[in-house]
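Reader: Could you take one strand of this chain and walk me through its surroundings with care, moving outward from the strand to whatever is joined to it? I would like the cut-offs stated as you go.

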Amino acid sequence: MNKTRRKILKTATSFTAGLGVGVAAIPFIRSLAPARSAPSEVIEFPKLEPGQIVTAATSWGLPLTILRRSTTMLDGLTENPSWLQDPMSATSEQPEFAKNALRSLNPETFVAVPLCTHLHCTVAFQAPGQYSFDQHCETFGCFHCPCHGSVFDLAGRVWRNQPATTNLIVPPHEYIDANTIKIDFGFQYS
Ligand code: FES
């Protein structure tokens with residue numbers, strides 16, 4: 001039986017607030033394969049301004065990040081850079097609509113599970129100007145894993161030669177309206 005829960009995300013965090021820092025170093029030790037059958041959840045999130053991000057645990061135990069990408073952030077995704085492991089996201093975990101550079105239904109809105117695909121630490125959002133160790137990250141923003149250093153762009157695409165070898169997971173989802181999505185947690189992680 002398909003069981004749908006509802007969750008309302010209330011806290012939108014400005015990109016200057018260093019989202020995820022407080023939990024960034026905590027490895028995600030729970031099994032990444034949701035145990036319940038055919039789970040889905042309706043997520044309501046606040047209207048986000050460009051550059052804002054919201055993250056929360058879902059009822060199914062997996063965190064979810066929703067980022068509204070600014071024009072600058074989108075500019076950083078339009079190339080097909082050689083430094084990415086899987087730039088068109090051909091082999092990573094995602095629905096068909098995410099097998100491209102933007103990896104989203106709505107170009108501005110990126111929805112992902114913010115867990116590193118190496119050993120599942122929570123990745124930290126780095127807004128443009130925050131992460132000076134990498135020029136692309138500093139210019140356009142990125143996600144950085146504090147455990148072993150893997151770097152992902154703002155479509156969740158991992159750099160080459162990192163401990164993580166696949167992109168951040170985009171869960172199957174659909175929009176109910178502009179600020180409500182339905183997530184299907186019935187997928188399996190590899
Ligand atoms: S858990 Fe992220 S690089 Fe190892």
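Author: What follows begins with strand β5 and moves outward to its sheet, its aromatic neighbours and the disulfides.

The model is a predicted one, in which local features need pLDDT of at least 70 and side-chain atom pairs count only at pLDDT 80 or more, while totals for chains, interfaces and linings use all residues. Residues are numbered from 1 along each chain as its sequence is written, and side-chain values use heavy atoms, with hydrogens and water left out.

For orientation, the chain contains 2 helices and 10 strands, where helices (H or I, at least four residues) and strands (E, at least two) are DSSP runs numbered from the N terminus. Their order along the sequence is β-β-β-β-α-β-β-α-β-β-β-β. Of the 190 residues, 51% count as buried, a term that stands for under 20% relative accessible area, with exposed meaning over 50% and partly exposed in between (1.4 Å probe, protein chains only).

Strand β5 covers residues 109-112, and both of its faces are covered. On one side T109 and V111 are buried, and on the other side F110 and A112 are buried.

The sheet comes next. Strands of a sheet pair through backbone hydrogen bonds, either parallel or antiparallel; here two strands are taken to pair if DSSP finds at least two bridges between them. Strand β5 pairs with β4 (residues 63-68) in the antiparallel sense over 4 bridges, and T109 of β5 has R68 standing opposite. On β4, I66 stands opposite V54, and 5 bridges join β4 to β3 in an antiparallel run. The result is an open sheet of 3 strands in the order β3-β4-β5, with antiparallel pairing. Because β3 (53-57) and β5 stand at the edges with a single partner strand each, one side of each is left without a neighbour in the sheet. Neighbouring strands of this sheet are turned by 10 degrees against each other on average, direction ignored; for such angles the axes are lines fitted to C-alpha atoms, for helices over the stretch in contact, and angles run from 0 to 180 degrees between N-to-C directions.

From the side chains of β5, F110 leads on to the aromatic residues. A pair of aromatic rings is described by the distance of the centres and the angle of the planes. Rings of Phe, Tyr and Trp (its six-membered ring) pair if their centres lie within 6.5 Å, and planes under 30 degrees apart count as stacked, over 60 as edge-to-face and the rest as tilted. The structure holds 4 aromatic pairs, and one of them is the tilted pair of F110 and F143, at 6.3 Å centre to centre and 40 degrees between the planes. Since F110 lies in β5 and F143 in β7 (residues 142-144), the pair ties together parts that are 33 residues apart in sequence. Both F110 and F143 are buried. The edge-to-face pair of Y131 and F133 has ring centres 5.2 Å apart and planes at 65 degrees; Y131 counts as buried at 11% relative accessibility, whereas F133 is exposed at 71%. F110 and F143 also belong to one aromatic cluster with F125.

The loop between β5 and β6 (124-126) brings in the cysteines, as C121 lies there. A disulfide is a covalent bond between the sulfur atoms of two cysteines, and the cut-off used is a pair of cysteine sulfur atoms within 2.5 Å. The structure holds 2 disulfides, one of which joins C121 to C147, S to S 1.9 Å. The torsion about the S-S bond of C121 and C147 is about -90 degrees, so this disulfide is left-handed. Because C147 lies in the loop between β7 and β8 (151-152), the pair ties C121 to a part that is 26 residues apart in sequence. C121 is buried with a relative accessible area of 4%, while C147 is partly exposed with 27%.

C137 and C142 form a disulfide with their sulfur atoms 2.5 Å apart. Its torsion about the S-S bond is about 115 degrees, so the disulfide of C137 and C142 is right-handed, and both of these cysteines are buried. With the bonded cysteines of the chain numbered in sequence order, the pairing reads 1-4, 2-3.
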